Amino acid sequence: MRLFHIGQHKTNLYYTLIKMKASYFTMCALSAAALVSACNEKNTKVAHFSENIDTTVKMSDNFYEYANGLWMKNHPLPEDRPRLGSFDLLHETSRERIREIIEEAAKTKGETGSASQKIGDLYALGMDTITRDELGVKPILPLLEMVDEISDESSLAKTIAKLNISGVYPFFAFYISPDPGNSTINIVGLTQNGLGLPDRDYYLVKSDRNVSLMEGYKTMLANNFKLAGIDNGETRANNVVELENALAEVMNSRVENRNPQARYNKCDYEGMKKMAPNFDWDSFIAEIGTNVNDINVNQVKYFANVGNIIKNFSNDAVKDYLKACVIRNFAPYLSTDFIDNNFEFNGKQLAGTPANTPLWKRMVGTVEGIMGEQLGQLYVEKYFPPTAKKRISDLIEQLRISFAQRIDSLSWMGEETKAQAKDKLNAITVKVGYPDKWKDYSELTIDPAKSFVENLIEATKWEYKKELDKYGKEVDRTEWHMTPQTVNAYYNPQSNEIVFPAGILQPPFFYAEGDDAVNYGGIGVVIGHEMTHGFDDQGCQFDKEGNLNNWWTAEDAERFATITSKLVDHFETLTVVDTVKCNGRLTLGENIADNGGLNIAYQALRNAVGDNDPMVDGQTIDERFILGYAQIWASNCRKEYLYNQATTDPHSATHLRVNGQMMLFDLFYNTFNIPEGSPMYKAPEERIVVW
């Protein structure tokens with residue numbers, strides 16, 4: 001299952017696998033002040049564009065730096081961050097609130113089994129570095145010893161199953177998700193997995209940077225083996241990298257994985273064994289503990305080869321690889337020496353971050369990962385009044401109207417497809433703030449007598465079992481895949497829904513004393529962005545029920561492909577960092593959504609205010625709308641972060657989400673009189689409007 005969201009991408013095995021629940025974008029008939037104050041009584045900050053604008057930069061040269069230059073100068077990167085942006089600052093507010101909730105739970109010392117007991121004890125165990133240092137590798141020794149006991153194909157398959165259940169996914173991941181062809185029923189999914197570096201290209205592309213990172217990765221692996229009391233770390237690290245190289249060579253690229261039709265290869269159990277030969281699936285499934293017959297193999301090429309790869313390596317090399325997977329998975333939660341070794345590579349070398357995130361922040365994130373919705377329930381009770389849900393839902397309906405108007409006005413789409421598009425638009429389900437039905441944590445046990453990592457493993461097993469229990473059952477469409485406190489939003493193609501957690505419904509998206517233009521440029525574009533995901537190059541392949549089903553005429557599908565290919569070409573001319581260009585194919589879906597979000601939100605703004613153009617701080621409505629959009633993307637990023645983003649992230653870099661889109665946006669030229677021949681100029685016939 002693929003979730004499309006407005007913020008920077010997060011590799012989300014937490015949803016796609018077991019914890020599979022883990023990217024950034026109005027006011028209409030409602031006044032901005034009324035809506036925002038309903039969301040958060042403390043929302044009183046007003047948008048002052050002049051505080052962020054750098055007038056020494058020509059807007060026609062680099063509009064992003066013009067709009068955000070002073071913000072960037074006034075918000076230098078802290079040592080523990082690879083990136084700092086408006087979203088990150090808002091996330092900090094959310095995290096501080098969650099910390100207060102967690103620490104209050106820890107103080108109350110509720111009865112065993114209560115929410116406060118589980119939250120408080122898990123956090124306290126994570127914060128207890130003295131005990132964690134004393135334990136060292138001990139909490140994961142049972143998993144490492146289990147790997148040592150592998151003696152044949154059957155025991156290997158059973159061990160891989162046990163690791164999946166424990167939250168470690170070597171070679172592949174076995175998970176439950178809606179059937180792409182029948183989104184009402186849950187089936188099994190198999191997807192490629194198992195690399196220690198962020199993407200296959202780190203193995204396959206032999207650039208100077210990748211070669212250097214590979215050496216750093218080997219050092220981290222060797223040190224992990226040493227810290228775990230396993231000898232010959234360098235040799236074992238080489239074994240791991242050699243095996244991972246073999247996996248990378250047969251893996252789909254991220255661009256290939258963007259094709260939902262190619263990822264849909266449903267079969268029965270016997271068909272799966274033929275599609276993925278030379279692996280003891282009977283032993284694997286027996287250990288998983290559930291009978292399965294409806295299975296989707298996401299990457300046919302990979303699963304046709306992975307069994308042979310395992311067989312081609314010695315038993316010792318495979319064991320080295322499995323142990324490496326276990327150690328690197330739990331290293332951030334073990335003793336300080338494991339944490340430091342992990343950070344030396346993943347933090348400093350890969351992300352370019354000089355210092356690790358403070359312990360309390362890491363532990364808040366960990367507790368959220370286990371009990372996020374439990375914390376979310378406490379969060380919304382304090383920070384998001386129920387009345388806000390209806391008001392924001394009403395506002396979203398105004399954006400739906402503007403989207404329908406834009407569909408009607410499209411020159412490239414025929415009437416038959418327009419009717420289907422509006423049917424799908426009208427069928428989009430809206431979720432706002434928090435779930436109507438909260439997740440039940442009553443059967444989750446957090447035992448303070450056990451170690452921090454032991455509790456994490458047990459919690460993962462509990463979550464895995466809950467997921468497995470969904471197999472063959474009707475999909476629960478009330479379920480959320482982000483917590484209420486998350487500063488983000490998403491579109492889910494398999495349920496045709498848009499979801500806006502409470503965490504994002506505050507400044508810089510809403511301003512209590514901000515005007516309509518600012519709010520439309522912020523949350524209005526977020527809403528339009530998420531709606532557009534239902535009609536981007538991936539979302540458009542799903543019908544209004546969430547099934548993979550072609551609802552396009554052949555002529556309109558061809559015209560859509562032509563227009564979106566121009567968007568690919570446009571973004572591939574833009575630079576992410578140094579000489580690295582944007583991957584227009586990888587970022588196409590998000591670029592379509594940004595493009596649509598801007599046009600839909602502006603249409604809605606004009607629906608609301610008509611031709612009125614009141615000046616605020618000497619700026620027109622159109623100026624404030626564009627600056628409102630540009631300034632939510634204000635950020636500072638380390639070069640290492642941008643290199644990684646260019647390879648792995650389906651979102652364009654923040655400066656491209658502004659400049660790349662403004663170059664295509666007629667309103668930008670009309671508003672700021674961008675002269676022909678300037679760096680930000682694109683001829684009218686070259687400007688791309690998809691929706």
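Leaving aside neighbours within four places in sequence, Arg-328 is in contact with nine listed partners in this predicted model, and these include Gly-194, Leu-195 and Gly-196, then Tyr-217, Leu-221 and Asn-224, and further along Val-240, Glu-244 and Tyr-321. The residue that gathers these contacts lies in helix H15, which covers residues 315-330. Among the partners, Glu-244 also takes part in a polar contact, in which its side chain and the side chain of Arg-328 come to 2.8 Å. Because its relative accessibility is 15%, and the limit for a buried residue is under 20%, Arg-328 counts as buried.

A second buried polar residue can be followed in a loop. Asn-265 is found between helix H11 (233-250) and strand E5 (266-267), and with a relative accessibility of 19% it counts as buried, the cut-off being under 20%. The side chain of Asn-265 reaches back to the backbone oxygen of Ala-262, at 2.9 Å. Beyond its neighbours within four places in sequence, Asn-265 is in contact with Met-275 and Ile-295, with Asn-296, Val-297 and Asn-298, and with Val-300. Ala-262, whose backbone oxygen is reached by Asn-265, also offers a way to relate this loop to Arg-328: the two residues, Arg-328 and Ala-262, are 66 residues apart in sequence, and their C-alpha atoms are 31 Å apart in space.

A contrasting pair is formed by Glu-454 and Lys-138, which are 316 residues apart along the chain while their C-alpha atoms are separated by 9.7 Å. Glu-454 has its place in helix H20 (residues 452-468), and its relative accessible area of 34% makes it partly exposed, because that class lies between the limit of 20% for buried residues and that of 50% for exposed ones.

The backbone itself deserves attention at several loop positions. Phe-171, in the loop between helix H8 (153-165) and strand E3 (172-179), has a phi near 70 degrees, which is a positive value in a residue other than glycine; at 0% relative accessibility, Phe-171 also counts as buried. Asn-232 likewise is not a glycine and has a positive phi, of about 55 degrees, and its position is in the loop between helix H10 (208-227) and H11. Another kind of backbone feature appears at the peptide bond from Pro-507 to Pro-508, which is cis, with omega near 15 degrees; Pro-508 lies in the loop that runs between strand E9 (497-501) and helix H21 (516-533).

These local features belong to a chain whose secondary structure comes to 27 helices and twelve strands. The radius of gyration of the chain is 25 Å, close to the 26 Å that the globule rule gives for 691 residues, and the chain is therefore as compact as a globular protein of that length. Taken along the principal axes, the C-alpha atoms fill a box of roughly 75 × 60 × 50 Å. Of the 691 residues, 61% count as buried, while the surface that the chain exposes amounts to about 26200 Å², with carbon and sulfur atoms supplying 47% of it. As for charge, the chain has 71 positive and 94 negative side chains, and the centres of the two sets lie 1 Å apart.

Conventions: Residues are numbered from 1 along each chain as its sequence is written. This is a predicted model: local features need pLDDT of at least 70, side-chain atom pairs count only at pLDDT 80 or more; totals for chains, interfaces and linings use all residues. Side-chain values use heavy atoms; hydrogens and water are left out. Helices (H or I, at least four residues) and strands (E, at least two) are DSSP runs, numbered from the N terminus. The radius of gyration is taken over C-alpha atoms; the globule rule is 2.2 Å times the number of residues to the power 0.38. Buried means under 20% relative accessible area, exposed over 50%, partly exposed in between (1.4 Å probe, protein chains only). Accessible areas come from the Shrake-Rupley method with a 1.4 Å probe; for residues, only the protein chains shown count as cover. Lys and Arg count as positive and Asp and Glu as negative; His and the chain ends are not counted. The place of a charge is taken as NZ of Lys, CZ of Arg, CG of Asp or CD of Glu. A polar contact is a pair of N or O atoms within 3.5 Å; within protein, one must be able to donate a hydrogen and the other to accept it, and residues adjacent in sequence count only if both atoms are side-chain atoms. Contact means heavy atoms within 4.5 Å.
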